[in-house]
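Subject: Structure handover

Hello,

Here is the structure I said I would pass on. Please open it first, then read the notes below.

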Amino acid sequence: YNEDITMLDFKEIHRIHPHIDIVMGGPPCQGFSQKGKRLSLDDPRNFLFKQFVRFVEEFRPKYFILENVPNIITTENGFFKK
């Protein structure tokens with residue numbers, strides 16, 4: 001699927017592909033990087049990890065791998081971790 005993840009219909013994908021055993025992904029790290037502007041709560045990319053979580057919740061794979069993004073747990077006093 002080559003489109004914006006926020007526009008994907010996960011229920012429709014699940015209907016087409018009912019059994020997905022492994023999901024791998026990583027949220028964009030630019031908004032959490034020590035280099036650059038670090039817009040934190042004002043950077044919509046920082047919330048894309050929620051789409052990964054939504055995908056895993058829908059498909060319930062046997063395994064999933066979410067790439068560690070430096071500073072995701074400490075940015076904004078742990079806002080994104082919580």
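First, the burial figure: the protein chain has 82 residues, and 28% of them count as buried. Please keep in mind that this is a predicted model.

**Overall layout**

The protein chain holds two helices and two strands. Along the sequence they come in the order α-β-α-β. Along the principal axes, the C-alpha atoms take up a box of roughly 40 × 25 × 20 Å.

Next, the contacts within the chain. Take those with a separation of 6 or more: 70% of them join residues 24 or more positions apart.

**Surface and charge**

The chain has an accessible surface of about 6400 Å². Carbon and sulfur atoms supply 54% of that surface. On the charge side, there are 12 positive and 11 negative side chains. The centres of these two sets are 7 Å apart.

**The largest pocket**

How much space lies in the largest pocket? About 230 Å³. Two elements each give two or more residues to its lining: strand S1 (22–25) and helix H2 (49–59). H2 gives the most, with four residues. The residues lining the pocket include Ile5, Val23, Met24 and Gly25. Gly26, Pro27 and Pro28 are also among them. So are Leu48, Phe49, Gln51, Phe52 and Phe55.

**Two residues in one loop**

Now look at the loop between S1 and H2. Pro44 sits there, and Asn46 lies in that loop too.

Is Pro44 buried or exposed? Pro44 counts as exposed, because its relative accessibility is 61% and the cut-off for exposed is over 50%. Pro44 is 13 residues from Gly31 in sequence. In space, the two are 8.6 Å apart, C-alpha to C-alpha.

Asn46 has a relative accessible area of 0%, so Asn46 is buried; the limit for that class is under 20%. Which residues is Asn46 in contact with, leaving aside its neighbours within four places in sequence? They are Gly31, Phe32, Ser40 and Phe80. Gly31 therefore turns up in the notes on both loop residues: it is a contact of Asn46, and for Pro44 it is the partner in the 8.6 Å C-alpha distance, while Pro44 itself is exposed.

**Where to start**

I would open the view on the S1 to H2 loop and find exposed Pro44 and buried Asn46. Then turn to the pocket lining, where H2 gives four residues.

Best wishes

Note on methods:
Residues are numbered from 1 along each chain as its sequence is written. This is a predicted model: local features need pLDDT of at least 70, side-chain atom pairs count only at pLDDT 80 or more; totals for chains, interfaces and linings use all residues. Side-chain values use heavy atoms; hydrogens and water are left out. Buried means under 20% relative accessible area, exposed over 50%, partly exposed in between (1.4 Å probe, protein chains only). Contact means heavy atoms within 4.5 Å. Accessible areas come from the Shrake-Rupley method with a 1.4 Å probe; for residues, only the protein chains shown count as cover. Lys and Arg count as positive and Asp and Glu as negative; His and the chain ends are not counted. The place of a charge is taken as NZ of Lys, CZ of Arg, CG of Asp or CD of Glu. On a 1 Å grid over the protein atoms alone, a cavity is a set of points where a 1.4 Å probe fits but cannot get out, and a pocket is an open set with protein on both sides within 12 Å along at least five of seven lines; lining residues have an atom within 4 Å of a point. Grid points are joined across faces, edges and corners, and a volume is the space filled by probe spheres set on the points.
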